[in-house]
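Here's a quick briefing to read with the model open beside you. Two spots get a closer look, a run of paired strands and a helix.

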Amino acid sequence: MKIIHKDKDITQLVTSYTWSGDYKQAARTLEFGVAVSPHDYYLPKHYIGLGDIIKLLDDKDKELFQGYVFTKGKSISGTTMSVTTYDGLIYLLKSKGTYNFKNMSPEQITRKVCGDFGIPVGNLASTGITLNRIFDGESIYSIVMTAYTLASKRNGKKYVPRMINGKLNVIEKGKTVAEYVLDGESNIIDSTYSESIENMISRVKIYDENGKQIGKVENADWIKKYGILQDVYKKEKGVNANTIAKSMLQGIEKTAEIEGLGNIECITGNAVKIKEPYTGLTGLFYIDNDEHTWQDGQHTMRLGLSFKNIMDSQEGGE
């Protein structure tokens, strides 16, 4: 792995580094420490400024991350300068806009707002769905993800934004499965597994614009075992109310956390296969958050996993 600043390899100056992401936080982060000393004549001095671009490359010089320095700090007595960088999604999170979109797809909406803010765009997942939506002072990230959330409600697909080579891409979450298999006998250091009905929705009642009930969907088995946990849905023009209501039903949440030997394919938005029979972690899991750390020549990772493929649903605008 290499850390590059202004076309210069500074890996030898880096004491440790952590590369992480979370589907709820959008922007991926690279945090690292740089060896510094006012007294060591032989230690190379390398200046890193706020706003500078930092790249993380794999062993074949493929770019994994391109980010911008947002924070740095050091003390008089310390020998390490800490640096925090975010990828380009940080600019979608920190910028706001006002728009009135008519008969535009999430892809078109995304290209429009990114064009207005000078954010390069790569491949955007095609939805085949058009929307009407007004946004007043919403973050660009909320605008993009609201558009894809509305599409998700209609087609059942889940989406996640990702910066690739400095360009915004929107991909189907969980569609890419890491070739790396996490196995309890070889590369898993520790794991925990939990089940919960905290967010269960076993029934959804459907109402029209006048408040009259016009339908309902439910899971009879869940109601029999866990009781009625109800939500409501107000029918929207131009959408199938039953399809939306069914998507609102929520069953048992099964989540897990794993610490293991690292693999760069295991990042937020991808899926991974696990074989760990002791805690019941066997099957395909979706990666909701990841943290990769390189220190003393070893690559380890922590993954937050879910049995169910979920996205960062946004409901901005009207």
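A quick term before the tour: two strands count as paired if DSSP finds at least two bridges between them. Keep in mind that this is a predicted model. The first stop is strand S4, which covers residues 29–35, and after that comes helix H2, residues 106–116.

**Strand S4 and its partners**

- On one side of the story is strand S3 (residues 14–22), which runs antiparallel to S4 and is joined to it by six bridges.
- Within that pairing, tyrosine 17 sits opposite phenylalanine 32 of S4.
- The hairpin made by S3 and S4 has six residues between the strands, and alanine 26 there has a positive phi near 70°.
- S4 also pairs with strand S7 (residues 80–87), again in the antiparallel sense, through seven bridges.
- Look for threonine 29 here: its bridge partner in S7 is tyrosine 86.
- Buried means under 20% relative accessible area. Five of the seven residues in S4 are buried, so the strand is largely enclosed by the rest of the structure.

**Helix H2 and its surroundings**

- The buried residues in H2 are Pro106, Glu107, Ile109, Thr110, Val113 and Cys114.
- Looking down the axis of H2, you'd find its buried residues within an arc of 160°, so they line one face of the helix.
- What do the buried residues of H2 pack against? They pack against strands S8 (96–104), S9 (121–124), S10 (131–139) and S12 (167–172), plus helix H3 (140–155).
- Just after H2 comes glycine 118, with a positive phi of about 65°.

Conventions. Residues are numbered from 1 along each chain as its sequence is written. This is a predicted model: local features need pLDDT of at least 70, side-chain atom pairs count only at pLDDT 80 or more; totals for chains, interfaces and linings use all residues. Side-chain values use heavy atoms; hydrogens and water are left out. Buried means under 20% relative accessible area, exposed over 50%, partly exposed in between (1.4 Å probe, protein chains only). Helices (H or I, at least four residues) and strands (E, at least two) are DSSP runs, numbered from the N terminus. The arc is that of the directions from the helix axis to the C-beta atoms. Contact means heavy atoms within 4.5 Å.
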